[in-house]
Amino acid sequence: MGRFDKVRANLRRAYVQRLAAAQAERELAAAEPEPEPVEPVRHLDHATTTSRDDAEVPHGLRVATAWSWRLLILIAAAAVLLWLISRLKTVLIPLSIALLLSALLAPVMGVLSRRVKLPPSLAAFVVLIMGLGAVAGVLTLVISEFVAGFPALAEKASIGVQQIQEWLTTGPLHLSGRQLDATFDAATTWLNDNRGSLTDSAVNTATATVEFLALMLLILFVTFFFMRDGKRIWHFVTGILPTPARDPIRRAGEAAWRTLVAYVRATVLVAFIDALGIGLLLFFLNVDFWFPLGTLVFLGAFVPIVGATVSGAVAVLVALVDEGPITALVVLIGVIAVQQLEGHVLQPLIMGRAVSVHPLAVIVAIATGVVLAGIIGALVAVPLVAVLNTGIRHLVQHRSEPPPDAVIVSSE
């Protein structure tokens, strides 16, 4: 048999063996019984359900429950945070005020550091001395004018009280002298009964004065180091965070700091314009204490909405006692005009969209600040809300998306 015949015989033998194996497989498959049909698994109607019992609960109820326990956790966390703030307000209030002062004085320190080439410590010290000098000068002028004009104002106030007393007896109320005497006797009795508490209040006022001086020293100390080492302090604080969150938090903090600087600078400018307008109005109307009242308007403008209203009301009352109802009406019209100019022109134009906060958030922040820390809380509440608003928005807008390989894809 030749070579070619051997190859053909091997191929034929392999082909026959393959046919036999296939036939055996078909016979074996035909001999096995058919498997019973398996009931298809019913998929749960929502990806968050983990059992058949969960699938029986309506979808809306599951969503409401999920929202409820998450909201309860957030409320509990907020309550704990507010409790900590109330317990630590003695420390947090100086830190907040020092932060505001640092934002106010930071541009001046930047000029001294970059252009005059002063060392950071010397620049911060010079800026603090300049700020203290300006505050001391303004307080000296206010106190001296108040002391000089208070006797005349007290005399006019007594005359005004007599006029009100005459109006109560001869006016539409027709109160008798006996009723007025009973009212004044009741006021005198109250003063005599509460003399002890008033004396205690005076002692408490003295104690509060000592605490205020200590608070001012702490604020100055913290402000100095915030201006000198603010950036290094922020990098140290963010250095304890996990590495992926470190840089985003740092950038958000820098954006919030720029917002705080812009807010404080704009607030000072708006407050100066308000005080200048109302002060000039009081000066031309020949109202006593026009400079102290202008200063009060300037300070009150740092508390949005509430501060301008209270300081304007004080100016109207002083004008009423000093010059009469016609002048008080003119002052009231002027105060309302200045507040409208501030709310509709100055605030949108100077503040801008970068530090805009909704009026409802402003009211809630002021109320919370008053409850937690009184007047100082109302002063620092709105800028802190503006800072948090900018920081959170920066984190949301610049958050990094997860890489494609980190996304979990379902196998179904």
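**Group meeting: a twelve-helix chain**

Asp-229 forms a salt bridge with Arg-232, and the closest N and O atoms are 2.6 Å apart. By salt bridge I mean a side-chain nitrogen of Lys or Arg within 4 Å of a carboxyl oxygen of Asp or Glu. Before going on, a word on the source: this is a predicted model, in which local features need pLDDT of at least 70 and side-chain atom pairs count only at pLDDT 80 or more, while totals for chains, interfaces and linings use all residues. Residues are numbered from 1 along each chain as its sequence is written, and side-chain values use heavy atoms, with hydrogens and water left out.

Back to the salt bridges. How many are found in a search of the whole structure? The search finds 2. The second joins the side chains of Asp-229 and Arg-228, at 2.8 Å from N to O. Arg-228, Asp-229 and Arg-232 are therefore linked in a network of salt bridges, given the 4 Å limit. Asp-229 and Arg-232 both lie in helix 7, residues 195-238, and are 3 residues apart, about one turn of the helix. Helices here are DSSP runs of H or I with at least four residues, strands are runs of E with at least two, and both are numbered from the N terminus.

The three residues differ in how they are covered. Buried means under 20% relative accessible area, exposed means over 50%, and partly exposed is in between, with a 1.4 Å probe and protein chains only. Asp-229 counts as buried because its relative accessibility is 11%. Arg-228, at 29%, counts as partly exposed, and Arg-232, at 60%, counts as exposed.

Now the chain as a whole. There are 12 helices and 0 strands. Of the 412 residues, 24% count as buried. The accessible surface comes to about 28,800 Å², and 70% of that belongs to carbon and sulfur atoms. Accessible areas come from the Shrake-Rupley method with a 1.4 Å probe, and for residues only the protein chains shown count as cover. Contact means heavy atoms within 4.5 Å. Among contacts between residues at least 6 apart in sequence, 66% join residues at least 24 apart.

Next, helix 8, residues 243-284. Two packed helices are described by the angle between their axes and the distance between the axes. The axes of helix 4, residues 89-114, and helix 8 come within 9 Å and cross at roughly 80°. That makes helix 4 roughly perpendicular to helix 8. Axes are lines fitted to C-alpha atoms, for helices over the stretch in contact, and angles run from 0 to 180 degrees between N-to-C directions. Angles under 35 degrees count as roughly parallel, over 145 as roughly antiparallel, 65 to 115 as roughly perpendicular, and the rest as oblique. Which residues meet at this crossing? From helix 4 they are Leu-99, Leu-100, Ser-102, Ala-103, Leu-104, Ala-106 and Pro-107, and from helix 8 Trp-257, Leu-260, Val-261, Val-264, Arg-265 and Val-268.

Helix 8 also gives the most to a nonpolar surface patch, with 7 residues. The patch covers about 770 Å² and is made by Leu-269, Phe-272, Ile-273, Leu-276, Leu-280, Phe-283, Phe-284 and Trp-290. Patches are made of residues with over 30% relative accessible area and no salt bridge; like charges are joined within 9 Å, and nonpolar side chains (Val, Leu, Ile, Met, Phe, Trp, Tyr) within 5 Å. Leu-269 lies in helix 8 and is partly exposed, at 42%.

Arg-246 is in helix 8 as well, and is partly exposed at 24%. Leaving aside neighbours within four places in sequence, Arg-246 is in contact with Thr-238, Gly-239 and Leu-241. The C-alpha atoms of Arg-246 and His-235 are separated by 9.0 Å, with the two residues 11 apart along the chain.

Two loop residues have a positive phi. Lys-117, in the loop between helix 4 and helix 5 (120-170), has phi near 65° and counts as exposed at 64%. Asn-286, in the loop between helix 8 and helix 9, has phi near 60° and is exposed at 56%. Neither residue is glycine.

Last, Thr-295 in helix 9, residues 290-300. Is Thr-295 buried or exposed? Thr-295 is buried, with a relative accessible area of 16%. Outside its neighbours within four places in sequence, Thr-295 is in contact with Val-138 and Val-142.
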